[in-house]
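User: I am new to reading protein models, and I would like to understand how the words used for them are justified. Could you take me through this one step by step?

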Amino acid sequence: MSASAPILSLRHVSHEYGSGTHRDLVLSDVSLDVSANDVVALLGPSGCGKSTLMRVLTGLITPSKGEVFHHGRALHGIAAGVAMVFQNFALFPWLTVRGNVLLAVEHLPPAERDAKVERILATVGLDVYENNYPRELSGGMKQRVGIARALVASPEVLCLDEPFSALDVLTAETLRNELARLLADKTNPLRTMILVTHNIDEAVELATRIVVLAANPGRVDQIVANPLPYPRDPKSPAFAAAVENLHCILTHTTLPDAPVNGPDAGKVSFPVDETHHRIAPVIIPAVNAGEVLGLLALLPTEAIDIFDIAERLGRDFGSVVNLLKASELLELVRTPGQDVFITDFGRQVLAASTLDQKKLLREKILKLKIFELLVRLINVQEDKVLADDTLLAELQALLPHEKPRVIFRTLVNWGRFAEIIQHDQRRHQMRLYERKGPRVLTGPGAGKA
Amino acid sequence: MARHEPSPEIRRSSVWSDLLVIGLFAAVLLGALNVEEEWQAPLKTSAPIDLSPSVLPLYALYSLARSWLAYGLSLVFTILIASWAFYDLRARRLILPALDVLQSIPVLGFLPGLVLALVGIFPHSNIGLEIACIVMIFTGQVWNMAFSYYDSLQGVPAEHRNLARLYDFTGWQRFWRVELPFATQSLVYNSMVSMAGGWFFLSITEAFQLGDQDFRLPGIGSYMSVAIAQGNVSAQIYGVIAMGVIIVSVDRLVWWPLVRWSKKFNLDDFAGSASSDSGSGRFALWLARSTALRRLTLVWEKTSDTLLRRRHAPHAGKEQAASSRPRPAFGRWLANLAFVALLALGAYAVVRLGLLIAKLNLTDWREIAAGTGYTTLRVFAALAFSVLWAVPVGVWLGLNPAYSRRLQPFIQFAASFPAPMIYPWILTLVGLIGGTLGWGAVPLIVLGTQWYVLFNVVSAASSIPNDVRSCAAIMGLSGVRRWTRYLLPAIAPGLVTGCITAAGGAWNATIVAEYVRSGTSLVQTTGLGSYISRATNAGDYPQLAAGVIVMAVLVVLINRLVWKKLQSLANERCRFG
C-alpha cells in the first residue's frame, strides 16, 4: 500500500447492462484516479453513466471490462472506507433516525459508537429528531440523516450521488452550503469526495476536479481542474469564469458545431470490411417530437443562451441539449457556440396550422437517413409490416454503440407524430401510415353525443 | 374494447388457425354435451371409475369443466358482492368482515352439509353432486378475487369517476368502461392464483365419503383417489402426469395470454411499450389470424356496442339525472330487503347450529380440546418450517431476478399442483424413515402452503429499492445483522401476508392431512382436522358442526389477535417510500 497510489483508480473500464442481443454500453474505456484530498465531480448530461461510474468506483458494480484499484490493489467487492449518500436517501424506514445512523458504526464498542452518533447528530442538526422515524421527516431532514449516516463512520471517501436533486431548491441550497462549509473547514479530516451531479454551479462550488462526461456511450470528455480556494463565493468573477468555461465545454461536448446540414447530413460511415463502408445514420436524440414544437414556441426572436433556456424550462442541461439537437437536425434552429437562433423554416413551422406543421416536419423527417432506412425496411417486408424485433435487431447491428430501445422509442414517436408510420403496440409491429377518408368511429369506445 | 383495425399480418388468414378455432369450439361444445349427459346420469354412490389411462382425457375434461364453471361463478359473485359493498355503505360494514371470516375458515368442513343438501334437492341425478363440487371449488377461489376487485373499485381515480358522471354513464356503462378496465390487471392475477387454489379443492371434493355413502364424480380427482385406494401405482403416476398437463396447458393457453393482454390496462402507459417478449404471445397472434375468430370479434363488438350505447344524450332531462337525485324508493326498499334477508339467514344458521352442537357431551368437548392443541401445534410447525426455508430462498430469488425468472414457471407449477394427490407418496416416505402421521401430517400440510410464503417473500425482496440495497452493501452489513437490521424488516410486509395466506391454507389442509387414505388402509392421528374428517365419515353432524365451528373461531381469533396486528405493524413500519 504505497502512500503515493491514488485511493481509487480506474483503468480502461467499460460496462454494459443487459445480455444477449439487448446490450447497452453505458461506460466506454474510462480511466480515472481519485487521490487523497480530491473532490471529484462527475458532470454530464443524463445517460452519460455518471451514477454507474460512481458505483464502479465504490465496488458496487463490477465492470464488464477494465480494472479497478483501491490503494493500488485490485478491488474485489466493496471498497473499504467508502460511504455513500443517495439521491433518494435510501433510509431504512423501520429504524429511527438514531438507528439509521447507528447502523453504520454498530461494530464499534458501545461507548465509542454512542459518542460518534451523538456528535454527528448534533453536527447535522438532527438531535431533536433522533427518535423519529424517517417517514415523519421532510425531504431535507431525510437527506441530513443520509449525510449523517455516511459521515459517522469517518469514511476515507464520501460518495454523493446527486444528493440534492430530490430536494426543493431552497433546501438543496442550504444543504449544499453546509457541505461547502464542511470542505472549507480545515480541521475536518474528510477531504476526499466523489460527487455525481448535473448542476454546473454545484460542481464548481464543491469540486477540485471536474470530470466532464460525454454520453452514448458514457466516456470521459475532459477533466477540468478547479483550484479556487475554499470557501468559494459564487458571486466572485473567478467562480463565474469557471462556470462559463464549463458551459462552453458541456455545450461543445453535447452539441458540437460540426456542419450537420451538409450533403452528408445524418450520416456516419462505418467500415464493414476493408472495401465496404456501411452508411450508418446519425441517431436522433431521444426526445418527444411534440416537445420540439413546444421549445420552438418558447424561443425569442433574437439569440438566446442555451443555459438560459435550461433555466427557463426548469430542466436539466442534458435534456435541453437533446431538444436543441433534435431541433437542429430538423433545421428549426441553429446553435452557433452557446447561442440558439430560430431559423426561417422554424418561424414558418411556428406560424403554420397544426396540420401544416405536421406536413412540414414530415418532409424534413423523411429526409433523415434513419427514416429513409426505416421506410425502406418496411417496404422490403412481406406485407409491408415490420416487426419491432426486426427493427431492434437492425438498429443494434447498425449502431452497435447505442441503446437500440431508446432509438427505437424515439423513431416510433417521431414516425407517429409525423404520420409516417403506424405502430401496433399490441402486436409489436409497424407499417407505413396511410391516410384514409374521414374515419367513422363506431366502436364502443367512441362516444356518440 | 377499443375498436382495432386488423393489421395485414392478421388479415392473412391461416387455415390452421381456423381449424384450431373450430376445433376449440367443437371441443367446448362436445365437452358441454358430455358434461350435460353425465349430469343427467342417475346418482350412483360410488360411480365406477375406470383406471385405464385412455379415459384420462375425458376425466380431465370433466374436471376442467367443473373448475371453469366454478371460476365463472366466482367472477360473477366477485363483481356483484364487491360492487354492492362499494356502493352500499351499510352493506359494506357487513360484507367486508363476512368475506374476511369466510376466507379464513376451513371451508372443507362445510362440504358434507352442502353435499347432503344438494343431493337432497336433486335425488335422482348427479347434478346435486356436481353443484356441490363446483360450489366447493368456488369457495376456495372467490375470496381473494372479491377483495382484489373491491380494492380496484376503491382505486379508481376520482377523475375517472367524475368523467363517468359528466358523461352521465349508467351503472352498466360505468362498469364496462371505467371499473372493469381498472380492475382487470389485478383481477387476472388473482384469478390465476384462485384457479390454482381451486385444484386443491377439486382433488378432494370429486371423491368424497360421508358415512357409508361414497359420492364420486368422474374426474381427475376421483381417478386419483381410486388409484390410491386400490394401491395402483402406475395409475397414480398417470393421474399426476395428467394433472400436470392440465395445469401447464391452462397456464400457457389461458393465463399467459390473459396476463399479456391485461397489461394494456396498465396506468403507467410507458411500461412495456417496446417490450419484445413476444415468445408467449405467439398463441394469441396465431388466434388473431383466424377469420372465424375475427368475425366473432366483430359480432361481439356489435353486441357490446348495442348493449353499451347511450339511449339519450348526457343529462337530457336534467331533473332525471340520476346522480343528483336520491336513490329511487324501490331500489332502497330492495336494498333493505336484501339486508334483512342476509341478517335473517345468518340468525337462522346460528340458531340451527347452536341446537345441533347442544347435543354434544363433555367427552366430545375434551376430545375437541385435545385435538385443537395438536392441530394448532402442527399448523404452526408447518408454518415455521415454510418460513425457515422460504425466507432465505425467497430473498435470494428476489434479489437475483435472473434466477427467479428462470425458476418461476417451475415454482408456479409446484404451487398449483393439488398436494392431496400425492399425500400417500409422502406418507410412504415418512413411513420409510420410521415416522408416524402424528408428525408426518406436518410435511403434508407444508406441501400445499409453503408456496404462499415463498411467493410473497420473493415479491417483497424484489421490490427493495436499489439504493437501499446499495446502501446495505456499502455499510458492509453482513451475517446476523444483515438479516435482523435489513432483510427481515424489508420483507416483513410480504412475509406476514404470506404467513396469513399460508396459515389459512394450513388449517384447511389439516382436515385432509390428519386423516389420509393410503391404499386400503386409513391413517389418522389426533387432531381437530381428523376429528372433523372422522365426524364426516361417521355422518355425525353434531360433532362435525362443533369441530368446524371450533376451527373457524380459532382461525378468526388468531387472525385478529396475531396476524392482523403483525400486518398493520409491518405495513406501518416497514414500507418503503
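Analyst: Let us begin with two neighbouring strands of this predicted model. Strand β6 (residues 82-85) of chain A and strand β7 of chain A pair in the parallel sense, and four bridges join them.

User: What makes β6(A) and β7(A) count as paired?

Analyst: Two strands pair if at least two bridges are found between them. Between β6(A) and β7(A) there are four bridges, so the requirement of at least two is met. Within this pairing, A:Val85 has A:Leu160 of β7(A) as its bridge partner.

User: Which strand is paired with β7(A) in the parallel sense besides that one, and how does the chain get there?

Analyst: Strand β8 (residues 193-197) of chain A also pairs with β7(A) in the parallel sense over four bridges, and in that pairing A:Leu158 stands opposite A:Met193 of β8(A). From β7(A) the chain passes through helix α5 (residues 169-184) of chain A to reach β8(A), forming a right-handed β-α-β crossover.

User: How do you know that β7(A) is mostly covered?

Analyst: A residue is called buried if 20 or more other C-beta atoms lie within 10 Å of its own. In β7(A), which spans residues 157-161, five of the five residues are buried. Both faces are covered, with A:Val157, A:Cys159 and A:Asp161 buried on one side and A:Leu158 and A:Leu160 buried on the other. As background, in a regular strand the side chains alternate between the two faces of the sheet.

User: Why is A:Leu296 called buried?

Analyst: A:Leu296 has 20 C-beta neighbours inside 10 Å, and therefore counts as buried, since the cut-off is 20 or more. A:Leu296 belongs to helix α8 of chain A. Leaving aside residues up to four places away in sequence, A:Leu296 touches A:Ser327, A:Leu332, A:Ile342, A:Gly346, A:Val349 and A:Leu350. One of these, A:Val349, is 53 residues away from A:Leu296 in sequence, while the two C-alpha atoms are 9.0 Å apart in space.

User: How can A:Leu296 and A:Val349 be in contact when their C-alpha atoms are 9.0 Å apart?

Analyst: Contact is judged on C-beta atoms, which must lie within 7 Å of each other, whereas the 9.0 Å for A:Leu296 and A:Val349 runs from C-alpha to C-alpha.

User: What makes it right to say that the buried residues of α8(A) line one face of the helix?

Analyst: The buried residues of α8(A), which spans residues 289-298, are A:Val292, A:Leu295 and A:Leu296. Seen down the axis of α8(A), these fall within an arc of 100°, so they line one face of the helix. On the other side of α8(A), the residues A:Gly290, A:Gly294, A:Ala297 and A:Leu298 are exposed. Among the elements that cover the buried residues are α10 (317-329), β15 (339-342) and α11 (344-351) of chain A.

User: Why are β2 and β5 of chain A said to stand at the edges of their sheet?

Analyst: Four strands form an open antiparallel sheet in the order β2-β1-β4-β5 in chain A. Both β2 (24-34) and β5 (73-74) of chain A have a single partner strand, so one side of each is left without a neighbour in the sheet. Two bridges join β4 (residues 65-70) of chain A to β5(A), which satisfies the requirement of at least two, and A:His70 stands opposite A:Arg73 of β5(A). Helix α1 (residues 50-58) of chain A packs on the sheet, touching β1 (8-17), β2 and β4 of chain A, and its direction makes about 125° with that of β1(A).

User: Which strands are the edge strands in the three-strand sheet of chain A?

Analyst: That open sheet has the order β16-β18-β17 with antiparallel pairing, and its edge strands are β16 (386-387) and β17 (421-424) of chain A, each of which pairs on one side only. Four bridges link β17(A) and β18 (residues 429-432) of chain A, and A:His423 stands opposite A:Met430 of β18(A).

User: What is known about the largest nonpolar core?

Analyst: The largest nonpolar core has 240 residues, and those with the most contacts inside it are A:Leu42 and B:Val457. Helix α19 (residues 479-513) of chain B gives the largest share, 17 residues.

Notes. Residues numbered from 1 in each chain as written. Chains lettered and ligands numbered in written order. Predicted model: local features only at pLDDT ≥ 70, side-chain atom pairs only at ≥ 80, totals over all residues. Buried ≥ 20, exposed ≤ 12 C-beta atoms within 10 Å, placed from the backbone. Arc of directions from axis to C-beta. Contact = placed C-beta atoms within 7 Å. Right-handed = clockwise from strand over helix to strand, strands pointing away. Axes fitted to C-alpha atoms, helices over the stretch in contact; angles between N-to-C directions. Core = buried A, V, L, I, M, F, W, Y, C linked by C-beta atoms within 7 Å.
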